[in-house]
Amino acid sequence: SGAQVYNNCIGCHQANGSGVPGVFPPLAGHVPSILATRGGREWLIQVMLYGLQGPINVRGSSYNGAMPAYPQLSDAEIAAVLNHISTQWGNGFPSGQGPFTEAEVRAQRGKNLSPQQVLSARQGLGLR
Ligand code: HEM
């Protein structure tokens, strides 16, 4: 289940999704703002498959760390963990969006992105 896959994430993002201010960004109260951007769903899948590295700002705090890539997880596991972080801790999908599917994950494989390229793509989302 998504909760089981999320065990991989707890050490950094914490069981309650709060992250650690200035070190690991929160997922609680934040994932919906990514989902709401154009391309945000595909980008979240890319974070899982290719990682993310470099300076970002989340809910008023700065981060400059490295998020590990998880290409070893199956399409089903990545969809499940993204559905978990999209619906836990008061998070929810924006209206009109449904759960991540295995097909959506599969479509983002094989792009060979670097974590820095995933950072560049984040800047293109227009996150506020
Ligand atoms: C960033 C999810 C595991 C450290 C992120 C972001 C997401 C995410 C969605 C993007 C936030 C944003 O850019 O606004 C997850 C999930 C995990 C996981 C679902 C488990 C499958 C981890 C682990 C670590 C970690 C184990 C620590 C070793 C980070 C860091 C960032 C980040 C440092 C920000 C990177 C930067 O500063 O550019 N994570 N994460 N994550 N994650 Fe994770």
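**Close-up views of a predicted model**

**View 1. The β1–β2 hairpin.** β1 (52-58) and β2 (61-67) are antiparallel partners, joined over 7 bridges. The model shown here and in the views below is predicted. Within the pair, G54 lies opposite G65 of β2. The two strands make a hairpin with 2 residues between them. One residue of the turn, R59, has a positive phi of about 50°.

**View 2. Surroundings of the ligand.** The shell around the ligand holds 26 residues, of which C9, C12, Y63, G65 and M67 come nearest. Two or more residues each are given to this shell by α2 (10-13), α4 (40-50), β1, β2 and α5 (75-87). Sorted by class, the shell has 18 nonpolar, 7 polar and 1 charged residues. G65, one of the nearest residues, is also the residue that faces G54 in the strand pair of View 1.

**View 3. The largest nonpolar core.** This core has 23 residues, and I45, V47, I78 and L82 touch the most other members. At least two core residues are supplied by each of α3 (31-35), α4 and α5. The largest share, 7 residues, is that of α4. Which residues does I45 contact beyond four places in sequence? I45 is in contact with I78, L82, E104, V105 and Q108. Of these partners, I78 and L82 are themselves named among the core residues that touch the most other members.

**View 4. Helix α4 and its packing.** α4 is largely enclosed by the rest of the structure, because 10 of its 11 residues are buried. The buried residues are G40, R41, W43, L44, I45, Q46, V47, M48, L49 and Y50. They pack against α3, β1, β2, α5, α6 (102-106) and α7 (115-123). The residue G51 follows the helix and has a positive phi, near 80°. Besides its packing, α4 gives residues to the shell around the ligand and to the largest nonpolar core.

**View 5. Q14 and S18 in the loop between α2 and α3.** Q14 is placed in the loop between α2 and α3, and S18 is found in the loop between these helices as well. Although Q14 is not a glycine, its phi is positive, about 75°. Most residues other than glycine have a negative phi. Is Q14 buried or partly exposed? Q14 has 16 other C-beta atoms within 10 Å, so it is partly exposed. S18 is partly exposed because it has 15 C-beta neighbours inside 10 Å; the class lies between 12 or fewer for exposed and 20 or more for buried. Leaving out residues up to four places away in sequence, S18 touches P26 and A28. From S18 to S33 the separation is 15 residues in sequence and 15 Å in space, C-alpha to C-alpha.

**View 6. W89 in the loop between α5 and α6.** W89 lies in the loop between α5 and α6. Its phi is positive, near 55°, in a residue other than glycine. W89 counts as partly exposed because it has 17 C-beta neighbours inside 10 Å. Of the helices on either side of this loop, α5 gives residues to the shell around the ligand and to the largest nonpolar core, while α6 is among the elements against which the buried residues of α4 pack.

Note on methods: Residues are numbered from 1 along each chain as its sequence is written. This is a predicted model: local features need pLDDT of at least 70, side-chain atom pairs count only at pLDDT 80 or more; totals for chains, interfaces and linings use all residues. A residue is near a molecule or strand if its C-beta atom, placed from the backbone, lies within 6 Å of it. Helices (H or I, at least four residues) and strands (E, at least two) are DSSP runs, numbered from the N terminus. Ala, Val, Leu, Ile, Met, Phe, Trp, Tyr, Cys and Pro count as nonpolar, Asp, Glu, Lys and Arg as charged, and the others, Gly among them, as polar. A nonpolar core is a set of buried Ala, Val, Leu, Ile, Met, Phe, Trp, Tyr and Cys residues joined through C-beta atoms within 7 Å. Two residues are in contact if their C-beta atoms, placed from the backbone, lie within 7 Å. Two strands pair if DSSP finds at least two bridges between them.
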